[in-house]
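Open the model in your viewer and keep the selection box at hand. We will go from stop to stop, and at each one you can select a residue and see what is around it.

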Amino acid sequence: MPTTELAQAPVAVPAPARSSPGPALAAAMLGFALITLDTSVVNVALPAIGAGLRAGMSGLQWVVDAYTLAFAALLLSSGALSDRVGASRAYGAGVVVFVLASAACGLAPNLPALLAARAVQGVAAAVMLPASLALVREAYGDPGRRARAVSLWAAGGTVAVALGPVAGGALTTAWSWRGIFFVNLPLGLLALALLTRVARSERRPAPLDLPGQLTAVVALGALTFAAIEGGTEGRWALGLAGVAFAAFLLVEARRRHPVVPLGLFRNRTVAVAVAAGSANSVAFYGMLFVFSLFFQQVLGLSALAAGLMFLPMTGLLAGVNVLSARVAARRGARLPIVLGQAVAVAGLLGLLAVDADTPRVAQALLLIPLALGAGFSLPPLIASMMEAVPADRAGTAAGLLNAARQTAGGLAIAVFGSMAAASTEAALRPSLLISAALLALTTLASLFLPGRRA
């Protein structure tokens with residue numbers, strides 16, 4: 001993901017931790033890096049996975065989306081679960097399951113086994129994300145030190161996204177696609193070792209909306225199945241998604257503690273932030289997926305060479321995130337939000353010129369505006385959404401935004417992958433135009449956000 005992810009976490013600051021905050025921050029950073037690494041490391045390994053497991057395009061789409069959708073759907077309520085069992089316990093359990101699922105991915109004998117293990121990875125990641133942020137909040141009682149710690153925590157995820165395509169390409173080329181999953185094992189064990197030096201978190205009562213969570217999972221899963229598989233089964237799945245979504249809205253409107261309070265969308269800033277964050281994910285993750293296939297299947301590059309093509313694009317993300325935060329602090333959030341999205345739209349339109357004959361250096365450079373725009377617009381977008389909701393709804397709002405972004409990225413891969421099933425090169429331009437159109441609409445909507453903060 002191209003910037004900070006803010007997870008559903010307790011808003012109230014608990015008593016200072018009994019142990020040094022360093023191990024808590026290190027463990028949280030490592031876990032967050034693992035989660036975000038698995039959203040980007042897989043893309044360049046997809047052709048190798050397809051060849052090794054004899055998987056077609058729909059199978060490769062599910063390799064990405066089995067993780068993404070489990071992660072997105074369960075983010076809605078995983079923050080409340082973290083509160084109920086305690087952040088340290090939830091984080092430890094999530095890391096253990098993530099490591100075991102990663103080993104199962106690396107050892108998978110066939111595609112169904114890999115997809116099942118990827119889904120379990122996504123479930124574990126959904127538990128780890130809010131718990132990792134809660135560990136940081138608990139470890140740092142001083143607001144200033146906590147803010148710096150959260151920035152470091154977020155930077156770990158940004159670096160992981162930047163290194164993902166290169167690491168995936170290097171491991172696939174030098175070893176096997178299985179290496180992209182086995183590399184999680186030592187990193188996960190290190191996170192668990194650090195966790196042993198962290199004070200145990202207190203349990204706090206937090207309501208769980210199981211009916212809302214269940215209907216959300218069914219709706220998202222069925223919608224993705226319809227986009228990937230198509231045909232008669234896809235039409236039935238689309239109908240199921242509609243019924244499940246209607247049930248979700250009905251449940252959420254009647255629950256005392258809904259997983260997604262529908263009233264949040266009456267706030268214009270929240271509605272625009274969710275829409276713009278989703279469009280951002282469609283463009284970023286969708287293009288990462290499509291160009292990974294394009295570089296290898298059309299240009300004939302190795303997995304490592306394909307990963308290096310993304311390095312100029314992803315390597316700038318951390319610096320752009322920091323710059324946008326400074327601009328937002330001086331000029332307000334609306335300017336970097338609008339400007340960043342406009343740059344991303346221009347970058348997507350510039351990529352329409354790319355074809356098999358375009359020089360490799362030019363292709364890599366043409367990807368940079370997309371990353372610059374996405375990285376510049378998203379941090380102030382998240383911050384403005386957090387400021388627009390009451391303090392006791394901040395965790396819920398952040399979980400909603402993260403879930404929407406992950407879902408949008410997964411659906412983009414489903415739709416763009418289906419178009420690429422016939423021809424990757426032919427799918428490139430429609431994917432770019434769809435992404436650009438969505439971002440152009442949210443750029444216009446962002447003009448109605450509040451201006452410079454008083």
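Where does Arg 54 lie? Select Arg 54 and you will find yourself in the loop between α2 (46-53) and α3 (57-85). Keep in mind throughout that this is a predicted model. Arg 54 is exposed, with a relative accessible area of 80%. Check the backbone here too: Arg 54 is not a glycine, yet its phi is positive, about 55°.

**Zoom out: the whole chain**

Now show the entire chain as a cartoon. The protein chain has 19 helices and zero strands. Its radius of gyration is 20 Å, close to the 22 Å that the globule rule gives for 454 residues, so the chain is as compact as a globular protein of that length. Along the principal axes, the C-alpha trace spans about 60 × 50 × 45 Å.

Switch on a surface if you like. The accessible surface of the protein chain comes to about 17400 Å², and 68% of that belongs to carbon and sulfur atoms. Of the 454 residues, 57% count as buried. Contacts between residues 24 or more positions apart make up 85% of those with a separation of 6 or more.

Colour by charge for a moment. The chain carries 30 positive and 16 negative charges, and the mean positions of the two sets are 8 Å apart.

**Stop: the aromatic rings**

Next, show the aromatic side chains as sticks. The count comes to 11 aromatic pairs. A pair of aromatic rings is described by the distance of the centres and the angle of the planes. Start with Phe 284 and Tyr 285: their ring centres are 5.6 Å apart and their planes are at 85°, so the pair is edge-to-face. Both Phe 284 and Tyr 285 are buried.

Then select Phe 291 and Phe 294. This pair is also edge-to-face, at 6.0 Å centre to centre with 75° between the planes. Both residues lie in helix α11 (residues 268-298), three residues apart, which is about one turn of the helix. Phe 291 is buried, with a relative accessible area of 1%, and Phe 294 is buried at 0%.

Which residues do ring pairs link into a cluster with Phe 291? Add Phe 294, Phe 295 and Phe 310 to the selection and you have that cluster.

**Stop: Phe 310 and its surroundings**

Stay with Phe 310, which lies in the loop between α12 (303-309) and α13. Is Phe 310 buried or exposed? It is buried, with a relative accessible area of 0%. Show what Phe 310 touches, leaving out residues up to four places away in sequence: Val 44, Pro 165, Leu 288, Phe 291, Ser 292, Phe 295 and Leu 367. For a longer look across the model, draw a C-alpha to C-alpha distance from Phe 310 to Pro 23: they are 287 residues apart in sequence and 32 Å apart in space.

Now select Leu 311, found in helix α13 (residues 311-314). Leu 311 is partly exposed, with a relative accessible area of 38%. Leu 311 and Pro 165 are 146 residues apart in sequence, and their C-alpha atoms are 7.7 Å apart in space.

**Stop: Thr 172**

Move on to helix α6 (residues 143-174) and pick out Thr 172. Thr 172 is buried, with a relative accessible area of 11%, which is under the 20% cut-off. What is Thr 172 in contact with, leaving aside its neighbours within four places in sequence? Highlight Ala 45, Ala 48, Trp 177, Ile 180 and Ala 303 to see those partners.

**Last stop: Val 260**

Finally, select Val 260, in the loop between α10 (231-254) and α11. Although Val 260 is in a loop, it is buried, with a relative accessible area of 4%. Not counting residues up to four places away in sequence, Val 260 touches Leu 76, Phe 248, Glu 252, Phe 265 and Leu 400. Leu 76 makes a good last distance to draw: it is 184 residues from Val 260 along the chain, with 7.3 Å between their C-alpha atoms.

Key
Residues numbered from 1 in each chain as written. Predicted model: local features only at pLDDT ≥ 70, side-chain atom pairs only at ≥ 80, totals over all residues. Heavy atoms only, no water. Helix = DSSP H or I, 4+ residues; strand = E, 2+ residues; numbered from the N terminus. Rg over C-alpha atoms; globule rule 2.2 N^0.38 Å. Buried < 20%, exposed > 50% of the residue type's maximum accessible area, 1.4 Å probe, protein only. Contact = heavy atoms within 4.5 Å. Areas by Shrake-Rupley, 256 points an atom, 1.4 Å probe, with all protein chains shown as cover. Lys, Arg positive; Asp, Glu negative; His and termini not counted. Charge placed at Lys NZ, Arg CZ, Asp CG, Glu CD. Phe/Tyr/Trp six-rings, centres within 6.5 Å; stacked < 30°, edge-to-face > 60°.
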